[in-house]
Amino acid sequence: MHKTDLYRAAILAVLAFLSLTIVIPNHILITANNRVGLALDWQEVQGIAQTARVSIDELVEILRGEGARYMVVREDTLGRLKQRGQIQLLTGWELRQLLQMLGQEPAADTDIPPRDTYILTGQQELFERLRKRLTLRYPDTVRTLDWKVQNTKVLALTESKEQLALVGIGVSPADMEAVKKLGLEPVPAWSDGAKTVAELELDLGVATRLQPTILLPGPLPALAREKVGATLAKNNISQGMLEFDSTPGAEMVAAASGYRVLRVYERPVHTIYQEYLLAVRDRNVRFVVLHLPWQIPPHSKCKTLLDANVHHVQQVVKAVTPGRLQLGVPQPFLPPPIKRGSVAVMVALAPALMVDWQRWPRIPWMVFCAGLGLGTFVGTPAVYMALRKGAALAITALLPAGAMFWALRWAESRFSHSLKSGLMVLLASSGLTLVGGIVVQGLLGDIGFLLKLHTFSGIKVAYLITFLLVLVEAYRERWQGRNWWRKKQIAPRELLVLALLALAVWGLFNRSGNTSIIPIPAWELKARSWLEQRFFVRPRTKEFLVGHPAMMLATADWTQDRFYRPQLLVLAATGQASLINTFVHLHTPIAISLVRSVLGLVCGIVIGTLLLIGEVSARRGKQHA
């Protein structure tokens, strides 16, 4: 082993040790937080009860017995109130037509501009809420009409009906009290992000008085975010944050509340119960808002809508309570203690890991690394975050390629048998890449990343850098000497293979994320489901079907002089890049990432071994033919 390799091994060992001082407490924190809250939707429960022809009390009692503990009570908007028949929204023309139909005329001095909007309601309490809220939103335009239309009170505004339909007037205290009487914990959910600070003061007053344990704040104006977070902390109210729809300012609210945050899973009603499992097990979700089916699903054995809903809740409960996870009162993840000095040392050592200390000037690089560490230790929060992300990106992009070629050179000098050589290269390279993944977890292992308030940006860039480095290094090894890039011409068939490789990389980029322009075929979804059912966690297909077998094939003696070996090495890099990318998802518990990686490695070894044995058998058959 060269001195440079010894230096890098020592640096990597120090980085791994410092990372474990952060990663292990995080793992203990996540493991101890094993309670998942299950919530229903208040408006939905009322509708389902009516459709199923049972009382609300009966439906809630049955579902509460199955594990539901919370009820989400959503903010009243004018559009929803109109939909439920509690108010009417009319233009001036429509109001005059209504009065004519009723045979009534307003007072002579009453002005009814035809383009104004009129809100009609017969509920005194609701009318007062509307007038108070709308006066805060539109202080100079709200008018109360003095005459009565069949015991109906009327508010007039100059805004359009479409604009007013989205206006929220807070969560109904009466609905909150009704949910409490049913034996469930109400969870208020705000929805209108255009509120004034004065309107939010009213919402906070209701929350302070009724003391819910969880609140879904929704979008908030910038001036109110810190106040909302401080109020939640003061009243021990946890902030619910939707995992797929993080609202602007959620991070500021979380910081002001001391990170009293619960990640919330809420999707439209569906029966893909594995999604609930993945949310709580793989993504640190601790609060599930369950939506109920409005009709009996096709091919269901249930005879009634009530039975279908009970079965649906039972299946969800079964999905969200695997192993150590249980239904109960969810608790926020407390901020894990992270020593800034340790992170500063890691940021300083990250570039040192990439330096060839035998050939590159040492003093300038040492000064550069020390400067990065000092900037991390004393820098502003923005500088601190940027340097950590930069160090993590450098390791994610550079380490897989370096690990591959170090393992290739090490194995070629020690093993002659293709199978043994391929196995050792794959194990050595993957071991180094796994350590790099743990270092990334240590660099970014604070509460913001665990809750996905912060995200690691640059995954696709890291993939691209890894692939380019592997491709360049593969051609450099083939074309030895100075000015190696001038010595050979790429044959047409190599250009074709490169084009196919570029197409494969493009497909990988579009498939590596939550959204993709390439639709996922039904057979692949079924294959993923099968793998998830057969294994504790699903190994990544790009690892065990592509990258790891390609790594073993790339070491075979018959590939050494083949024109497509550089492209085969890029395919091998897919597995290593995917492996370290697994650890970049900081909101996934590291135990899940480790198990997924090991399973992918084992499956990849099996497939790679079968391919190598098949290739050897085929060559022997040709020799004896």
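A residue counts as buried here when its relative accessible area is under 20%. By that yardstick, helix H12 (residues 273-282) in this predicted model is largely enclosed by the rest of the structure, because 9 of its 10 residues are buried. The buried set runs through Tyr 273, Gln 274, Tyr 276, Leu 277, Leu 278, Ala 279, Val 280, Arg 281 and Asp 282. After H12 comes Asn 284, with a positive phi near 60°. Two tyrosines of this helix turn up again in the ring analysis: Tyr 273 and Tyr 276 are joined with Tyr 265 into a cluster by ring pairs.

Zooming out for a moment, the chain has 625 residues, and 50% of them count as buried. Its secondary structure adds up to 24 helices and 12 strands. Contacts reach a long way along the sequence: among those between residues at least 6 apart, 76% join residues at least 24 apart. About 29800 Å² of the chain is exposed, with 60% of that coming from carbon and sulfur atoms.

Now to the aromatics. Searching the whole structure turns up 6 aromatic pairs. One of them is edge-to-face, between Trp 365 and Phe 368, with the centres 5.5 Å apart and 90° between the planes. Both rings belong to helix H15 (residues 362-378), and because they are 3 residues apart there, about one helical turn separates them. Neither side chain is hidden away: Trp 365 is partly exposed at 24% relative accessibility, and Phe 368 is partly exposed too, at 43%. Tyr 463 and Phe 467 make another pair, this one tilted, at 5.9 Å centre to centre and 40° between the planes. Here the spacing is 4 residues within helix H19 (residues 459-478), again about one helical turn. The general geometry fits: an α-helix has 3.6 residues a turn, so residues three or four places apart point the same way. Unlike the H15 rings, which are partly exposed, Tyr 463 and Phe 467 are both buried.

H19 also has a surface side to its story. Leu 398, Val 461, Ile 465 and Leu 469 make up a nonpolar patch on the surface, together offering about 270 Å² of accessible area. The biggest contributor to the patch is H19, which gives 3 residues. Val 461 sits in that helix and is partly exposed, at 45% relative accessible area.

Rings meet charges as well. The charged end of Arg 340 is placed over the ring of Tyr 384, at 4.1 Å from the centre. Over the face of Phe 127 lies Lys 153, 5.6 Å from the ring centre.

As for charge pairs proper, the whole-structure search gives 19 salt bridges. Arg 74 bridges to Glu 266, with 2.4 Å between the closest N and O atoms. Arg 74 is in strand S2 (residues 70-74) and Glu 266 in the loop between strand S10 (261-265) and H12, so this bridge ties together parts that are 192 residues apart in sequence. At 19% relative accessibility, Arg 74 still counts as buried, since the cut-off is under 20%.

A second bridge joins Arg 137 to Asp 192, where the closest N and O atoms are 2.6 Å apart. This one also links distant parts of the chain, 55 residues apart: Arg 137 is in helix H6 (residues 124-137), while Asp 192 is in the loop between strand S7 (185-189) and helix H9 (197-210). Arg 137 and Asp 192 are both buried. For Arg 263 and Glu 243, the closest N and O atoms of the bridge are 3.0 Å apart. Arg 263 lies in strand S10 and Glu 243 in the loop between strand S9 (238-242) and H11, so parts 20 residues apart in sequence are tied together. Both Arg 263 and Glu 243 are buried. Elsewhere, salt bridges link Glu 75, Arg 133, Lys 195 and Asp 203 into a network.

Helix H11 (residues 250-256) includes Ala 256, which is partly exposed at 28% relative accessible area. Leaving aside residues up to four places away in sequence, Ala 256 touches Glu 226, Gly 229, Ala 230 and Ala 233. The C-alpha atoms of Ala 256 and Ala 233 are 7.7 Å apart, with their positions 23 residues apart along the chain.

Methods:
Residues numbered from 1 in each chain as written. Predicted model: local features only at pLDDT ≥ 70, side-chain atom pairs only at ≥ 80, totals over all residues. Heavy atoms only, no water. Phe/Tyr/Trp six-rings, centres within 6.5 Å; stacked < 30°, edge-to-face > 60°. Helix = DSSP H or I, 4+ residues; strand = E, 2+ residues; numbered from the N terminus. Buried < 20%, exposed > 50% of the residue type's maximum accessible area, 1.4 Å probe, protein only. Lys NZ or Arg CZ within 6 Å of the ring centre and 35° of its normal. Patch = residues over 30% accessible without salt bridge, like charges linked within 9 Å, V, L, I, M, F, W, Y side chains within 5 Å. Areas by Shrake-Rupley, 256 points an atom, 1.4 Å probe, with all protein chains shown as cover. Salt bridge = Lys/Arg side-chain N within 4 Å of Asp/Glu carboxyl O. Contact = heavy atoms within 4.5 Å.
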